[in-house]
Structures are given as C-alpha cells and as structure tokens.
Amino acid sequence: MAATAKKKPKQSPSGQTVIEGNSVTKVFGETVTALEGADFNIRSGEFISLVGPSGCGKSTLLRLVAGLIEKTSGDLTVNDEEVTKPRTDIGMMFQKAVLLDWRTAIENVLLPSEIQHRITQDDKQKAMASLDLVGLKGFEFHFPKQLSGGMQQRVALARLIQTGANIMLMDEPFGALDEFTRERLNVELMRIVGELKATTLFVTHNIQEAIYLADRVLVMTPRPGRIAKIIDVNFERPRDISIQTSREFNIIVEEVRDTLGSH
Amino acid sequence: MKLLSFLISFAKYSLSFIFVLGLWEVYARYGGLNELFLPRPSKIGDKLYNLFFKFQIIEQGTIYWHFFATLAQMSIGFCYGIVIGNSLAVLAAFNETFRRYIAPYAVVFNVTPGIAVLPLIIAWFGFGWESKIALATLVCFFPPFINTLTGLLKKNDEAIELFQTIGATQSQYFWKQQLPNALPEIFAGLKLAITTALLGTIVAQFGSATEGVGILMQRFAFRLDMAGSFASLVTMAIMGLLVFTIAELLDRRIVFWRDTKGLERVSKKKQRKLSTDG
Ligand SMILES: Nc1ncnc2c1ncn2[C@@H]1O[C@H](COP(=O)(O)OP(=O)(O)O)[C@@H](O)[C@H]1O
Ligand SMILES: [Mg+2]
C-alpha cells in the first residue's frame, strides 16, 4: 500500500485509487433523493472528511460505500470491485459506540475476530495492543457501563482496528461527546490512522474538525444531497492543534462556509 | 461495616415483626379475636412445629411429602411452560406472519382467567399429577412468551449494521447480540412464570388431590382447623419465597450487567482469572 498520506507533498497525493464513485445516486422510496450524482475518487491512505448540514446525505454516502445499502444508480467500486455487500476490508464506526453491555472492553474488541474464526492467543494479544493504542491500557476488563462516553468510543475504535480493515468509515464518531473529549480524540485518531496507514472517510458537521483532520474535504449540500466541492488541505503532518488559528486554515474555513452558504 | 449495618437492619425488621405478632397474640388471648376466624400466632407456631418437626401425618404423608409433591408438580409445569412460551416467542420473533396470526389469540388468552379452566383440565387429565402440571403449564407460559418476544424484538439498528460490517451471519447475530440483549426480559418472564406456576399447581390441588400443600390447606379449612390452615399458608409462602429467591439469584448471576455491583463483581473476577492463567 502506498504510504503517501503521512508526509505528503503540498501537491495532490499520488496513491492508487481505493474508492471510486461515478454519478452515485441514492433515492429512498420514490421521492427522497438522499444523494445525487456523487463523483469522488479516494486514494490509498487518504483521510477524507465529509462535511455538511444534517440531512445532506453524509451517512447515506458512507453506508453505500460500506455496502449496507444499495445505490439507485451510478458506479461505486472499492479496490476496483463493485460494492454489493459489506466486506471485511472495510470497517465502520458510528455515532454510538454500539458495544455489547455484557462483554468487557477486550471481549468487545475481540468480537470481529470471533465472527471470523475461533479466538487465538494472537487475537488476544492484538486486542490488548489495540486497546493500548487507543489509550485504554488497564481498562481491558471494564464493562461498557463502567466507562465514560469517550472511553466507550475508544473501545469502538479499538474494535475497528482489530478488524484489520484498511478502509475506515466513521460516521460522526465523536459527535455525541463534549468538545474537550472530542478534540483529544481527534488528535489521537489522526495519530492512529497515520500509524495504520488506513484510508479514512470521516463524517462530521464540524467544519474545523473536518479540515484539521483531512487531506481533502468533501463539502456536501442538501436537497438533494450533493458533493458541492472538494477542497485540498495541504498542511504538513503531524499537525499541531494550533494550526486551527492560522490564516491559511481560516481561509479554508471560509471557503467551506461559502460553499455551504451559496446553496 | 457492611455486616454490621446488615445485622442492625435485620434486628430492626425482626423486632417489628415480633412486636406485631406479640400484639396479635395478646389481643387474641384476651378474647379480642374469634379463634375460628383468626388463630393466635402461638397456635399457628405450634401447628408448624408439629408438622415440620414432629412429622405429623396428614392425608398419608408428612408436610415434607406434600411440600415435595407441590414443588415437583410446579417445577414440571414451569419447565413445560417456559419451553412452550419461549419457543412460541422465538417463532413469533422470526416469522412476521406467525406473529400476526398469533397476536389475537394471545390477547384473548391473556384476558381469560386460566385458573377458571380447572374443571376442563380435570376432565382431560384426571385427578392425578397430570392435571396439576397441566394447569401450572397453562397459567405460566404466557409471561415468558410475551417477555421473551418483547426482548427479542427490541429495536437495535446500529447493532445490526455493526454485525453486518464485521461480516456476521444471521445466527451469529442471534447468539452474540439478539439473545443476550433479550436476557433481562427473558428473566423477567421466568420470574413471573415461577410464581404463576405455583399458583396454578395449588389451585389444581384444590380441585382434587391426594397430596400437596393445596390439599392440606383445604382439609384443614374444611375441618375448621384454622391453625392448620394458616400453617399451610405459611408453608406456601415459604415455598413461594424459596422458588422466587432461586430465580432472583439466577437472574442476578446471569444478567449481571444490569447493576453496578454485578458489573464490578464480574469485572474483578475476569481480571483475576487472567492473572492466574498467567
Ligand atoms: N432509510 C431511509 N429511508 C428513507 N429516507 C432516508 C433513509 N435514510 C436516510 N434518509 C433520508 O435521506 C436524507 C439524507 O440522510 P442522511 O444520509 O442520514 O443525512 P446526514 O447523515 O447527512 O445527516 C435525509 O433526508 C433522510 O431523511
Ligand atoms: Mg448522519
């Protein structure tokens, strides 16, 4: 896999295409056009933010890529294969942690392995490492209800890492958390996906967050859901949280705002 | 500390209980109560002592035999009831057509007093154990049915999507998510079933029987042996308490994630297990 995302040049990345959409359209029922004519091309190791007001089809786009719902028309491929059903090289994270209350943190992290095969000692070691990576060392045997909301999302992230998927879809994963926790988790998420060199699609309705994390931002507008603009974000990685106050950063913020406002 | 506060509250409850009994005893002794209506506590105690420790024989058996017979009939009826109730619930949860067709029967069944069909049950099953077991089954299968169904149908779209994305099969979803997720409701159903099964058994014994605490109660009452009747009542209460406590303990053990104490207990246990495993 090409590792262009970590310290890529200021020009556009040159990794190979992983997810490709051409005129992807999704109509619910007869009348609700959730996504219309979406064209996008996501390269290996890229971090893509999807930003837009609620109802503009962000979750729909993600769920199409995940193979959870079927497109109405257009072409959608992952690694050059038409998406028809969920696949194990794609992992997903939701706004809710969706943990099983009767399983400890580590047992929750082991769930994807357990679905695929009998748990081995290797899987357990890997789960320990995943939990360590998300900063939950020492909490392996806590149950979800014994953990805070932020820690629950960390478990969900560790579970996603455990799947070994190199495409990660995240639907407002930190949207329900307070601002401080969210900021901390964003920083850690960036470090982790950088380490894993995973291709990431990250949905948010927070413009700053979207830009701070992303190599490119897909700006979406509602009624019907459309990709209005794709904006490159060329800050060096690793990024410091302080870039959010820089002039360049705020120029991009303005550009996103303008795109959203003009629709 | 915990033990001490437990002992104190235990003492408080015991004292208030003894106080009420004492008041009752004194009031009855000075002629305030008709003994044919409400016997004195000391007489009930005396009767219980005779039944339990002097092995007094009533209707060809000691109280232990009657106790055991009732418990056995109840347990068998309870087992049939939960098997039938839970099987129907699983069928209804997975088959919408079945669910739709069974719904009106369920409603009618639920509002019909099951106990009232005892004469029919006796006509079908006779005077032996079968009729007791059958009535217990009949009155106890509904709570597990409706509770288990509710538990299995709990809406959980996020979990379904999660399981889809990690490539789980339908049956993996059922065993790892849907069923454990329904356990609190399933146990609520079992706890209701265990007390209704006891009720069904005893009422069936009233109809006709040669053994059981129900028949004890009836014989004593017909003879106007009020102390004996109340002693039977106490025995039934003990039995109810016994089976309900067992169900409650099982519930706490299996559905441990409902309260913080259970979570802490299991969490510590798993941690210990790991450290001893090496
Ligand atoms: N399963 C569905 N059935 C019908 N309409 C849906 C469904 N899912 C989403 N929609 C509609 O599609 C539009 C886009 O939804 P969504 O992708 O969830 O938006 P976002 O995630 O950006 O808030 C909304 O108008 C929503 O009501
Ligand atoms: Mg959404």
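**Exercise 1.** Is Cys79(B) buried, partly exposed or exposed? Place the residue in the fold as well.

*Solution.* The model is predicted, and the values here are computed from it.
Step 1. Cys79(B) sits in helix α3 of chain B, which covers residues 63-94.
Step 2. The relative accessible area of Cys79(B) is 42%. Buried requires under 20% and exposed requires over 50%, so Cys79(B) is partly exposed.
Step 3. Leu190(B) lies 111 residues from Cys79(B) in sequence, and their C-alpha atoms are 9.9 Å apart.

**Exercise 2.** Determine which residues of helix α5 of chain B are buried and how they are arranged around the axis.

*Solution.*
Step 1. Helix α5(B) spans residues 118-125, and its buried residues are Leu118(B), Ile121(B) and Ile122(B).
Step 2. Viewed down the axis of α5(B), these buried residues fall within an arc of 100 degrees, so they line one face of the helix. The general rule is that an α-helix has 3.6 residues a turn, so residues three or four places apart point the same way.
Step 3. Pro119(B), Ala123(B) and Trp124(B) are exposed and lie on the face of α5(B) turned away from the buried side.
Step 4. The packing partners of the buried residues of α5(B) are α6 (129-140) and α9 (170-207) of chain B.
Step 5. Just after α5(B) comes Gly126(B), with a positive phi of about 85 degrees.

**Exercise 3.** Find the residues that Leu36(B) touches, leaving out those up to four places away in sequence.

*Solution.*
Step 1. Leu36(B) belongs to the loop between α1 (2-29) and α2 (41-53) of chain B.
Step 2. With that exclusion, Leu36(B) touches Leu224(B) and Met226(B).
Step 3. Leu224(B) is 188 residues from Leu36(B) along the chain, with 7.0 Å between the C-alpha atoms.

**Exercise 4.** Count the aromatic pairs over all chains, then classify the pair of Phe47(A) and Phe202(A).

*Solution.*
Step 1. Over all chains there are 18 aromatic pairs.
Step 2. The rings of Phe47(A) and Phe202(A) are 5.7 Å apart, centre to centre, with 45 degrees between the planes, and the pair is tilted.
Step 3. This pair links distant parts of the chain, 155 residues apart: Phe47(A) is in strand β3 (residues 47-51) and Phe202(A) in strand β8 (residues 199-204) of chain A.
Step 4. Both rings belong to buried residues: Phe47(A) has a relative accessible area of 3%, and Phe202(A) has 0%.
Step 5. Elsewhere, a cluster of ring pairs joins Trp102(A), Phe143(A), Phe256(B) and Trp257(B).

**Exercise 5.** Describe the contact between the two assigned domains of chain A.

*Solution.*
Step 1. The domain assignment gives domain 1 as 2-89 + 166-261 and domain 2 as 99-164.
Step 2. Their C-alpha centres lie 25 Å apart.
Step 3. In the contact, 16 residues of domain 1 meet 12 residues of domain 2.
Step 4. About 1100 Å² is buried between these domains, 66% of it from carbon and sulfur atoms.
Step 5. One salt bridge is counted between the two domains.

**Exercise 6.** Describe the contact between chain B and chain A.

*Solution.*
Step 1. Chain B contributes 25 residues and chain A 27 residues.
Step 2. The two chains bury about 2500 Å² between them, with 66% on carbon and sulfur atoms.
Step 3. Four salt bridges are counted between chain B and chain A.
Step 4. Lys176(B) and Glu114(A) form a salt bridge in which the closest N and O atoms are 2.6 Å apart.

Definitions and conventions:
Residues numbered from 1 in each chain as written. Chains lettered and ligands numbered in written order. Predicted model: local features only at pLDDT ≥ 70, side-chain atom pairs only at ≥ 80, totals over all residues. Heavy atoms only, no water. Buried < 20%, exposed > 50% of the residue type's maximum accessible area, 1.4 Å probe, protein only. Helix = DSSP H or I, 4+ residues; strand = E, 2+ residues; numbered from the N terminus. Arc of directions from axis to C-beta. Contact = heavy atoms within 4.5 Å. Phe/Tyr/Trp six-rings, centres within 6.5 Å; stacked < 30°, edge-to-face > 60°. Domains from an automatic or database assignment. Buried area = accessible area lost by both parts, 1.4 Å probe. Salt bridge = Lys/Arg side-chain N within 4 Å of Asp/Glu carboxyl O.
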